[in-house]
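Got your viewer open? Load the model, keep the selection box handy, and follow along stop by stop.

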Amino acid sequence: MGLVLFLAVVMIVFGSIFVIAGGTENTVTGLIIIAIALILIYYIYRTDKVKASQPQVVQQTVNVQMGGSGQLNQKAMTCKNCGAPLSDKDLKLVEGAVLVTCPYCGTVSSFEEAPKW
Ligand SMILES: [Zn+2]
């Protein structure tokens, strides 16, 4: 990402030289180069903004199958704070980790799948 930004800056400088050099052809070429550079910068900015605007907890509807496979530790399905039972609808998958939000006290705890030895 930094390389693209550097490239964009170089293109702006390069384009400016063309514009300063004068002549219709040079000016048009310079403006096109600057325009491409600005589009690059806009793209970088927008990408960064999209990343930044993403909430910490990604609201993903994930059907986490609790029954059957027994991969998840059933003992973990109570709130660590208040001991309330937690159901699979309280689970959220966030960046590969399973987070569970207690519907009673709001405690967010993460638990991973039991290691498969
Ligand atoms: Zn709780």
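## Start with the whole chain

Among contacts between residues at least 6 apart in sequence, 42% join residues at least 24 apart. Keep in mind that this is a predicted model. Show everything as a cartoon and you should find two helices and three strands, in the order α-α-β-β-β along the sequence. Of the 117 residues in the protein, 7% are buried.

Now colour by pLDDT. The protein averages 76, and 73% of the residues score at least 70. Among the elements, helix H1 has the highest mean pLDDT, at 86, while strand S3 (residues 108–111) has the lowest, at 79. Next, select residues 65–70, where the pLDDT is below 50. Beyond near neighbours in sequence, that stretch has two contacts in the model.

## Next stop: helix H1

Select residues 2–21, which make up H1. How far apart are the end C-alpha atoms of this helix? They are 29 Å apart, which agrees with the 28 Å that 20 residues should span at 1.5 Å a residue.

Show side chains on Ala8, Met11 and Gly15: these residues of H1 are buried. Turn the view to look down the helix axis, and the buried residues fall within an arc of 60 degrees, so they line one face of H1. The general rule behind this kind of pattern is that an α-helix has 3.6 residues a turn, so residues three or four places apart point the same way.

Now flip to the face of H1 turned away from its buried side. The exposed residues there are Gly2, Leu3, Phe6, Val10, Val13, Ile17, Ile20 and Ala21.

Before leaving H1, pick Leu5, which lies in this helix. Is Leu5 buried, exposed or partly exposed? It is partly exposed, because 14 other C-beta atoms lie within 10 Å, where 20 or more would make a residue buried and 12 or fewer would make it exposed. Leaving out residues up to four places away in sequence, Leu5 touches Ile41 and Ile44. Draw a distance from Leu5 to Ile41: they sit 36 residues apart in sequence, yet their C-alpha atoms are 6.4 Å apart.

Then step just past the end of H1 to Gly22, which takes a positive phi of about 80 degrees.

## Last stop: the hairpin

Jump to residues 91–94 (strand S1) and residues 97–101 (strand S2). The two strands pair in the antiparallel sense over four bridges, and they form a hairpin with two residues between them. Click on Glu95 in the turn and check its backbone: phi is positive, at about 50 degrees.

Which residue of S2 is the bridge partner of Val94? That is Ala97. Elsewhere on the hairpin, Lys92 stands opposite Leu99 in S2.

Stay on Leu99 for the final pick. With 16 C-beta neighbours inside 10 Å, Leu99 counts as partly exposed. Add Ser110 to the selection and draw one more distance: Leu99 and Ser110 are eleven residues apart along the chain, and their C-alpha atoms are separated by 4.3 Å.

Terms used
Residues numbered from 1 in each chain as written. Pairing = 2+ DSSP bridges. Expected span 1.5 Å × (residues − 1). Arc of directions from axis to C-beta. pLDDT = per-residue confidence, 0-100. Contact = placed C-beta atoms within 7 Å.
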